[in-house]
Structures are given as structure tokens and as C-alpha cells.
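Reader: I would like a close look at a single part of this model, taken together with whatever packs around it. Please start with the term that the rest depends on.

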Amino acid sequence: MRRFLPLLLSVALLAAPMVSRAEMTLLMAEENGCMWCARWDSEISGTYPKTPEGKIAPLRRHDIHRPTPGDIALEKPLYFTPTFVLLENGKEVGRIEGYPGEDFFWGLLGVLLRGRGVSIEASG
């Protein structure tokens, strides 16, 4: 029996389901004619998917004038463009309203991600 317990424990640990990481997404609420959205596009959008942040929380765009998709649960309505909403498994866990410039964007996004237990170095 003594030899059997370590083997049983090893099998149980290997068979136990692995804890899956929450799926994160960065929702960008935007609208046509938004100059700050255009500025974000010119300064960030090309590099965002290549950054650690972009790999952890891929960008999903949303027209602010359309109904909120059914797979998203927001804490409050979207009023301003751009608004960046950090989603964890489709549920809002943080937001950045407006685009304060490239340096501030990376810093604020880093704060949101660290608040969810994600540790990365700033990309910007």
C-alpha cells in the first residue's frame, strides 16, 4: 500500500484539469469621424497585436452606435470614443475612457492588466 500511494498521487495530479487562464480582450468602442480614434490608429493599432499586451488581450473593435454584443457584459454604457474596455471572459474588469496619448495609454493599460494579475513590461 505504501508504494501505491505515491503512484496514486502522481496519477491524480497528472489527471487533474489544468487551471485555465481567463480569456482577455481589449474592446475598443469607436465611431466614424472620431479624431482620437484616428490618432490611436496611427500611433498604436499597427503595433498593438505584436506587443505582449496585444497577445494577452487581443483588440476587438465595436461601433459605439451599435448595440453591445450579447457576449459582452459592461459595468456601464459606452458614452465616449475611444473607450477601451478590458474584458475577462466577456465581462468588464476595467476601462480607459478617451485616448490620452501613446505613453499614457500603455501605462493605463499596464495598470489594468496588473490589476488582473498579469505582469508585463510596458511596450510603449
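Author: A residue is called buried here if its relative accessible area is under 20%, and exposed if that area is over 50%, with partly exposed in between. The model is a predicted one. The part chosen is strand β1, and the term matters at once: M24, L26, M28 and E30 point one way from β1, T25, L27 and A29 point the other way, and all of them are buried. Seven of the seven residues of β1 are buried, and the strand is mostly covered. For the protein as a whole, 35% of the 124 residues count as buried.

First, the setting. The protein has four helices and four strands, and from the N terminus on its elements run α-β-α-α-β-β-β-α. The four strands make an open sheet of mixed pairing, in the order β2-β1-β3-β4. At its edges are β2 (59–63) and β4 (91–97), each of which pairs on one side only. On average, neighbouring strands of the sheet are turned by 25° against each other, direction ignored. Among contacts in the protein with a separation of 6 or more, 56% are between residues 24 or more positions apart.

Next, the two partners of β1. Strands of a sheet pair through backbone hydrogen bonds, either parallel or antiparallel. On one side, β1 and β2 run parallel and are joined by five bridges; in this pairing L26 stands opposite L59 of β2. On the other side, β1 (residues 24–30) pairs with β3 (residues 83–88) in the antiparallel sense, over six bridges. Here M24 has E88 of β3 as its bridge partner, and M28 stands opposite F84 of β3.

T25 serves as a worked case from the strand. T25 lies in β1 and counts as buried because its relative accessibility is 17%, with the cut-off set at under 20%. Leaving out residues up to four places away in sequence, T25 touches A57, P58, R60, V85, L86 and L87.

Two helices come next. Helix α2 (residues 35–45) lies across β1, β2 and β3 and runs at about 165° to β2. Helix α4 (residues 102–115) also packs on the sheet, where it touches β1, β3 and β4, and its direction makes about 160° with that of β4.

Which residues of α2 are buried? They are C37, W40 and I44. These cover an arc of only 65° around the axis, so they sit on the same side of α2. They pack against β1, β2, β3 and α4. The face of α2 turned away from this buried side carries the exposed residues M35 and S42. C37 has a relative accessible area of 3%, and therefore is buried. C34 is likewise buried, with a relative accessible area of 11%. The structure holds zero disulfides.

The nonpolar cores tie these elements together. The largest has 19 residues, and those that touch the most other members are L26, W40, I44, Y48, F84, F105 and L109. Two or more residues of this core come from each of β1, α2, β3 and α4, and α4 gives the most, with five residues. Apart from this core lies another, of seven residues, among them L27, I72, V85 and L87. L26 and L27 point opposite ways from β1; L26 is a member of the largest core, while L27 belongs to the other one.

Y48 adds detail to the largest core. Not counting residues up to four places away in sequence, Y48 touches L26 and W40, and also E53, G54, A57, P58, L59, W106 and L109. Its contact list thus includes L26, the residue of β1 that stands opposite L59.

P49 gives a contrast. P49 is found in the loop between α2 and α3 (52–56) and is partly exposed, with a relative accessible area of 48%. Beyond four places in sequence, P49 touches G54 and K55. P49 and L59 are ten residues apart in sequence and 7.5 Å apart in space, C-alpha to C-alpha.

To return to β1: the strand pairs with β2 in the parallel sense and with β3 in the antiparallel sense, and its residues are buried on both sides.

Technical notes:
Residues are numbered from 1 along each chain as its sequence is written. This is a predicted model: local features need pLDDT of at least 70, side-chain atom pairs count only at pLDDT 80 or more; totals for chains, interfaces and linings use all residues. Side-chain values use heavy atoms; hydrogens and water are left out. Two strands pair if DSSP finds at least two bridges between them. Axes are lines fitted to C-alpha atoms, for helices over the stretch in contact, and angles run from 0 to 180 degrees between N-to-C directions. Contact means heavy atoms within 4.5 Å. Buried means under 20% relative accessible area, exposed over 50%, partly exposed in between (1.4 Å probe, protein chains only). The arc is that of the directions from the helix axis to the C-beta atoms. A disulfide is a pair of cysteine sulfur atoms within 2.5 Å. A nonpolar core is a set of buried Ala, Val, Leu, Ile, Met, Phe, Trp, Tyr and Cys residues joined through side-chain atoms within 4.5 Å.
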